[in-house]
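Thanks for coming, everyone. I'll walk you through one structure today, so please have a look at it on the screen while I talk.

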Amino acid sequence: MKNKTIAALLIVSMLSGLTACGSKEPSASDLTANRTREIEEIEEPEEKEDEKETEETEKPEEKETETEEKEEKEAATGIVFGSDEAKGYDGFEYLMEELISTSNTKSGNKMTLSVFVPDGDYPSVSGSYATSERMGVMVDVDIDPYLRYDYEDYTVSENLEDYVEEEIEYSSYIYGVEVGEVKEVGDDIAVCELTYMQFDSYDGSYAPYYQVYCLKELGDNVMGLVDICIMADDTTGKTKNLLAELSSFYEIEIGWDESFGETKRAAFENSDEFNADAFNLGFMSFELPEGWEKDEDESSYGETYFAPGGDAIGGYGYISIEEDYAYDEGVIDEMLEDLEYTQEYFEEVLGEDVSNLIVEDAGETFLGKTLKMEMKADGDTGIFYIAQSGYSQYAIYAVIWAGEGEEAYESMEEALDKLFETGKLNN
């Protein structure tokens, strides 16, 4: 399809309030130009059983490890989150000290605390917040977090439970989520652990994550929120030592072990959520007929192409999918209310660049209410879908290159039918 035709369609979308501000316009023009050049050239993890009952029976007073001795020493000297003794402490091997502050206190006095985060290459500190990453462990600490409930009226457990629920609700591209119970550690600390698989749309893979949230009352109506995120695929043999130091300083148990990643991945791949045959864009998953693949050469972060054999240029056509933010929730409704007017509108905007334009109601698809348009331009055939679900807009367009014949058209229709039959929104 001529690039100016696709561009015109996208401009129409923008005029209709569908396209997000500042988003990248899908460059069908690039794909068309490339084809022209070619033509010219041519579950919560189960912990391993310790299997040490016999040894423990034979040696009831087994000597403590160096890590355990170190933890006891640190706890005994008060090197814990919120303590004055933590300031200036240099006894950790894998953690570094950062100072964070808040004046959002009951007394109005400024509170400054020492916190410890992984001694990584790119730590970041801003006001009440510090973060850093090392050996597959990302730690965020905030002593002025957003919590919905008043500190004085709700327990630390209630506040943490609500916070975790909201985090999960607004997290994208996560699967196989298992959330543990919120547990209180003493009177002033609450902890919640969760595990999940996160989809990376860039490389098309799922990765296992183990996350620990800790909320601690620090006095003067100040709450400290600690988020320890373990990216299993990035951990090393020494990650457990780093976690032992975090566990000691923040006074919490962290149930992660080195078998977690393999166990979580296997459980997910055997669950109903996982479909090995599905393509996944993060916000959407779907299936296409056998032989269809992602075109790795033409696809980029902002636009993804699918084609028979993964060749959008050399084959008979391609399908591309986009997601954006829509400022007006009722645009598709307005278009569908008067299809005759909508068709006239598109004919006027697209002008002589297209012929055989048909605008119709595609009904309620997995994307929401959906408008379908089909047209020809310089012999290429374009099939274009626009849909909305809330304030998210979706555009699916297919191109059948000129001269490919009726068989190619039928194959494209088959691919689109399967996409809509198996499609699922993930956010």
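**Salt bridges, strands and a charged patch**

Let me start with one residue, D333: it is partly exposed, with a relative accessible area of 30%. Before I go on, keep in mind that this is a predicted model.

So what does D333 meet in a salt bridge? The partner is K369, side chain to side chain, at 3.0 Å from N to O. K369 sits in strand 17, residues 368–377, and D333 in helix 8, so this pair ties together parts that are 36 residues apart in sequence. K369 is partly exposed too, with a relative accessible area of 41%.

As for background, side chains of opposite charge can pair when their charged atoms come close.

How many salt bridges does a search of the whole structure find? Seven. I'll show two others. One of them joins the side chains of E360 and K372, with 3.8 Å from N to O. Here, too, distant parts of the chain are linked: E360 belongs to strand 16 (residues 355–365) and K372 to strand 17, with the two positions 12 residues apart in the numbering, that is, 12 residues apart. Is K372 buried or exposed? At a relative accessibility of 16%, K372 counts as buried, because the cut-off for that is under 20%. E360, on the other hand, is partly exposed, at 35% relative accessible area.

The other one I picked is R265 with D233, where the side chains meet at 2.9 Å, N to O. That pair also bridges distant parts of the chain, 32 residues apart: R265 is in helix 7 (residues 260–269), while D233 is in the loop between strand 10 (222–231) and helix 6 (239–250). Both ends are partly exposed, R265 with a relative accessible area of 25% and D233 with 46%.

Since that loop follows strand 10, let's move on to the strand itself. How many residues of strand 10 are buried? It's 10 of the 10, so strand 10 is largely enclosed by the rest of the structure. You can see the two faces if you look at the side chains: V222, G224, V226, I228 and I230 point one way, M223, L225, D227, C229 and M231 point the other way, and all are buried. Notice that D227 is in that second set.

Which strands pair with strand 10? Strand 9, residues 205–219, is one of them, antiparallel over 10 bridges. Strand 5, residues 137–142, is another, also in the antiparallel sense, over six bridges. L225 is a handy landmark here: L215 stands opposite L225 on one pairing, and D142 has L225 as its bridge partner on the other. If you follow the chain from strand 9 into strand 10, you go around a hairpin with two residues between the strands, and D220 in that turn has a positive phi of about 60°.

There's another sheet I'd like you to find. Three strands make up an open sheet, antiparallel, in the order 11-12-20. Strand 11 (279–280) and strand 20 (424–425) stand at the edges with a single partner strand each, so one side of each has no neighbour in the sheet. Strand 12, residues 284–286, is joined to strand 20 by two bridges, running antiparallel. For a specific contact, look at S285, whose bridge partner in strand 20 is K424.

While you're in that part of the sequence, go to F420, which is in helix 10, residues 405–422. F420 is buried, with a relative accessible area of 18%. Where does F366 come in? F420 and F366 are 54 residues apart in sequence, but their C-alpha atoms are 7.0 Å apart in space.

Last stop is the surface. Which residues form the negative patch? They are D328, E329, E334, E337, D338, E340, E344 and E347. Helix 8 (331–337) and helix 9 (339–350) each supply at least two residues of the patch, and helix 9 gives the most, with three. E347 is in helix 9, and E347 is partly exposed, with a relative accessible area of 39%. Helix 8 is also where we began, with D333 and its salt bridge to K369.

That's my tour. Happy to go back to any of these spots on the screen.

Notes:
Residues are numbered from 1 along each chain as its sequence is written. This is a predicted model: local features need pLDDT of at least 70, side-chain atom pairs count only at pLDDT 80 or more; totals for chains, interfaces and linings use all residues. Side-chain values use heavy atoms; hydrogens and water are left out. Patches are made of residues with over 30% relative accessible area and no salt bridge: like charges are joined within 9 Å, nonpolar side chains (Val, Leu, Ile, Met, Phe, Trp, Tyr) within 5 Å. Accessible areas come from the Shrake-Rupley method with a 1.4 Å probe; for residues, only the protein chains shown count as cover. A salt bridge is a side-chain nitrogen of Lys or Arg within 4 Å of a carboxyl oxygen of Asp or Glu. Lys and Arg count as positive and Asp and Glu as negative; His and the chain ends are not counted. The place of a charge is taken as NZ of Lys, CZ of Arg, CG of Asp or CD of Glu. Helices (H or I, at least four residues) and strands (E, at least two) are DSSP runs, numbered from the N terminus. Buried means under 20% relative accessible area, exposed over 50%, partly exposed in between (1.4 Å probe, protein chains only). Two strands pair if DSSP finds at least two bridges between them.
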